[in-house]
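Colleague: I am new to this structure and would like to learn how to read it. Could you walk me through it step by step?

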Amino acid sequence: MSVLDSPFALPAGRLLALDLGQVRIGVAVCDEAGLLATPLTVLQRRPTRIEDFAAIARLVQREKVVGVLAGMPAAVGEEGSQQARWTRRYAGRLAGALPVPLAFWDETLTSVSAAERL
């Protein structure tokens, strides 16, 4: 499908959230109201993107989600910038293999915010 300009443009309902990594993909799903996200699984990256995309598309169908959120890492320093560019390219290609829209979620300071709440 497509990449939306804002995560707030995603349809209301269950969403699949992805923490994209070069070795593993963390997956969470939220409830219908979009209030509570629960860890779902960790996917080991497959030999090809096509296999990764198929596994994620199966989760989209199985979990009956209306959209996908891809976490966008903070672009701090050269390594962060490279990871952000990789994430944007990978998720952009993934969006074309999904039956639902995808949007990016800015992860800047999310670890700091979580630590403060604990």
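Modeller: Gladly; we will go from the overall layout to the sheet, then a helix, and end with confidence. Please keep in mind that this is a predicted model.

Colleague: Let's begin with the layout. How many helices and strands are in the protein chain?

Modeller: A good habit is to count the elements and then read their order. Here the protein chain has three helices and five strands. Starting at the N terminus, they follow each other as β-β-β-α-β-α-β-α.

Colleague: And what order do the strands take in the sheet?

Modeller: Order in a sheet is a separate matter to check from order in sequence. In this open sheet of five strands, the order is 3-2-1-4-5, and the pairing is mixed. Strand 3 (37–44) and strand 5 (102–106) stand at the edges; each has a single partner strand, so one side of each lacks a neighbour in the sheet. On average, neighbouring strands are turned by 25° against each other, direction ignored.

Colleague: Can we zoom in on one pair? In which sense do strand 2 and strand 3 pair?

Modeller: For a pair, look at the direction and then at the bridges. Strand 2 (residues 24–30) pairs with strand 3 in the antiparallel sense, over seven bridges. As an example, Val29 has Thr38 in strand 3 as its bridge partner.

Colleague: Now a helix, please. Which strands does helix 1 lie across?

Modeller: Here one asks what the helix touches and at what angle it runs. Helix 1 (residues 49–63) lies across strand 1 (15–20), strand 2, strand 3 and strand 4 (67–72), and runs at about 150° to strand 3.

Colleague: Helix 1 contains Asp52. Is Asp52 buried or exposed?

Modeller: For that, compare its relative accessibility with the cut-off for buried, which is under 20%. Asp52 has 2% relative accessibility, so Asp52 counts as buried. Leaving aside residues up to four places away in sequence, Asp52 touches Gln44, Arg45, Arg46 and Tyr90.

Colleague: What share of the whole chain counts as buried?

Modeller: Of its 118 residues, 37% count as buried. The accessible surface comes to about 7200 Å², and 57% of that belongs to carbon and sulfur atoms. As for contacts between residues at least 6 apart in sequence, 59% join residues at least 24 apart.

Colleague: Last topic: what is the average pLDDT of the protein chain?

Modeller: Read the average first, then look for weak stretches. The average is 89, and 86% of the residues score at least 70. Over residues 111–115, however, pLDDT stays under 50, and the model has zero contacts for them beyond four places in sequence.

Notes: Residues numbered from 1 in each chain as written. Predicted model: local features only at pLDDT ≥ 70, side-chain atom pairs only at ≥ 80, totals over all residues. Heavy atoms only, no water. Helix = DSSP H or I, 4+ residues; strand = E, 2+ residues; numbered from the N terminus. Buried < 20%, exposed > 50% of the residue type's maximum accessible area, 1.4 Å probe, protein only. Contact = heavy atoms within 4.5 Å. Areas by Shrake-Rupley, 256 points an atom, 1.4 Å probe, with all protein chains shown as cover. Pairing = 2+ DSSP bridges. Axes fitted to C-alpha atoms, helices over the stretch in contact; angles between N-to-C directions. pLDDT = per-residue confidence, 0-100.
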